[in-house]
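Ready for some practice in reading a protein model? Work through each exercise below with the structure open beside you, then compare your steps with the solution.

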Amino acid sequence: MRFGFHDRPLYSDLNFTLAQGSLTSLIGANGVGKTTLVRLIMGELQPVGGTITRMPGLRLGYVPQFRNIDSEYPLTIRSFVQLNQHGLWPWHTRAEKQALDAVLKQTELTERQHQLIGQASGGEKQKAYLAQALLTAPNFLILDEATASLDVNTKTELMSLVRQLNRNSGLTVLFITHDLQLAREYTDQYLLLTPDDYELKPTSAMDMAKMPPELQPAEEVQ
Ligand SMILES: Nc1ncnc2c1ncn2[C@@H]1O[C@H](COP(=O)(O)OP(=O)(O)OP(=O)(O)O)[C@@H](O)[C@H]1O
């Protein structure tokens, strides 16, 4: 597959498969084209050469980079997650309520569901974004730098949860990150984009010394 913006090529020959049930980190220096690749996978952009094949029945879920939610935000965690289930319609069916309960349980938010989301911790807020994505029952989840700007404990908690979903329900995961430690610890393989090439390898084979210098050391936020 080839892609570029205008006359500036980004990838000249990208050719890889993400197997069903795989857990992959997408890494590379700033501006190398990670977000663009995700937009191609999601079908927002089309390759200029070659094709992208999506398995029949593919259902994509997307968790954005963490954005804070104002402390005055009036919804509870439960209502916030429910926004992804055609809004705050009060007459949800029993099946919809069950789906919501199941997702809150999966993301370990059951006990906190009646708390105002504006007053929840950063980790709980990000779990609520994850829960929103899971509510559409995806079988392929893309996490777009979803752990950036979270503290170390919260990052690892979120990634443990993602790995659990991958292991228990066979959810395919693509995790964009600048954090090599997290990639190594919580994903099975990595897709490294470099300006003129790429590499898809098991994370156990990751050679830290050969990773782009900007990614070292792993970013540490507060
Ligand atoms: N819509 C667009 N039109 C033109 N150029 C674009 C567009 N979107 C992105 N680019 C350029 O394509 C390149 C890749 O951008 P992209 O956002 O995919 O990189 P990235 O690897 O996700 O970067 P970062 O790690 O900083 O988020 C950059 O040089 C960017 O400026």
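**Exercise 1.** Find how far helix α5 reaches from its first C-alpha to its last, and compare this with the span expected at 1.5 Å a residue. Then work out where its buried residues sit.

*Solution.* Keep in mind that this is a predicted model.

- Step 1: Helix α5 covers residues 152-169, which makes 18 residues. From first C-alpha to last, α5 reaches 26 Å, close to the expected 26 Å.
- Step 2: Now list the residues of α5 that are buried: T154, K155, L158, M159, V162 and N166. These buried residues are on the same side of α5, because they cover an arc of only 130 degrees around the axis.
- Step 3: Turn to the face away from the buried side of α5, where you will find the exposed residues N153, R167 and N168.
- Step 4: Look for what lies over the buried residues of α5. The cover includes the strands β3 (23-27), β5 (140-144) and β6 (172-176), along with the helices α4 (122-134) and α6 (180-186).
- Step 5: Move on to G170, just after α5, which has a positive phi of about 70 degrees.

**Exercise 2.** Decide how enclosed strand β6 is, and find the strands that it pairs with.

*Solution.*

- Step 1: Count the buried residues. In β6, 5 of the 5 residues are buried, so this strand is largely enclosed by the rest of the structure.
- Step 2: Check the directions of the side chains. T172, L174 and I176 point one way from β6, while V173 and F175 point the other way, and all are buried.
- Step 3: Look at the pairing with β3. These two strands run parallel and are joined by 4 bridges; L23 has V173 of β6 as its bridge partner.
- Step 4: Do the same for β5. Here 5 bridges make the link to β6, again with parallel strands, and L141 stands opposite V173.

**Exercise 3.** Repeat the helix analysis for α3, which covers residues 94-106.

*Solution.*

- Step 1: Compare the spans. The 13 residues of α3 should span 18 Å at 1.5 Å a residue, and the end C-alpha atoms are 18 Å apart, which agrees.
- Step 2: Pick out the buried residues of α3, which include L100, V103 and L104. Because they cover an arc of only 100 degrees around the axis, they are on the same side of α3.
- Step 3: On the other side of α3, R94, A95 and Q98 are exposed.
- Step 4: The cover over the buried residues of α3 includes α2 (77-82) and α4.

**Exercise 4.** Which values does phi take near E108 and A137, and how exposed are these two residues?

*Solution.*

- Step 1: Place E108 in the loop between α3 and α4. Its phi is near 60 degrees, a positive value in a residue other than glycine.
- Step 2: E108 has 16 C-beta neighbours inside 10 Å, so it counts as partly exposed.
- Step 3: Place A137 in the loop between α4 and β5. Phi of A137 is near 55 degrees, also a positive value in a residue other than glycine.
- Step 4: With 12 other C-beta atoms within 10 Å, A137 is exposed.

**Exercise 5.** Describe the shell around the ligand.

*Solution.*

- Step 1: Name the surrounding residues: F5, L10, G28, N30, G31, V32, G33, K34, T35 and T36.
- Step 2: Sort them by class, which gives 3 nonpolar, 6 polar and 1 charged residues.
- Step 3: Ask which element gives the most to this shell: helix α1 (residues 34-41), with 3 residues.

Key
Residues numbered from 1 in each chain as written. Predicted model: local features only at pLDDT ≥ 70, side-chain atom pairs only at ≥ 80, totals over all residues. Near = placed C-beta within 6 Å. Nonpolar A, V, L, I, M, F, W, Y, C, P; charged D, E, K, R; others polar. Expected span 1.5 Å × (residues − 1). Buried ≥ 20, exposed ≤ 12 C-beta atoms within 10 Å, placed from the backbone. Arc of directions from axis to C-beta. Contact = placed C-beta atoms within 7 Å. Pairing = 2+ DSSP bridges.
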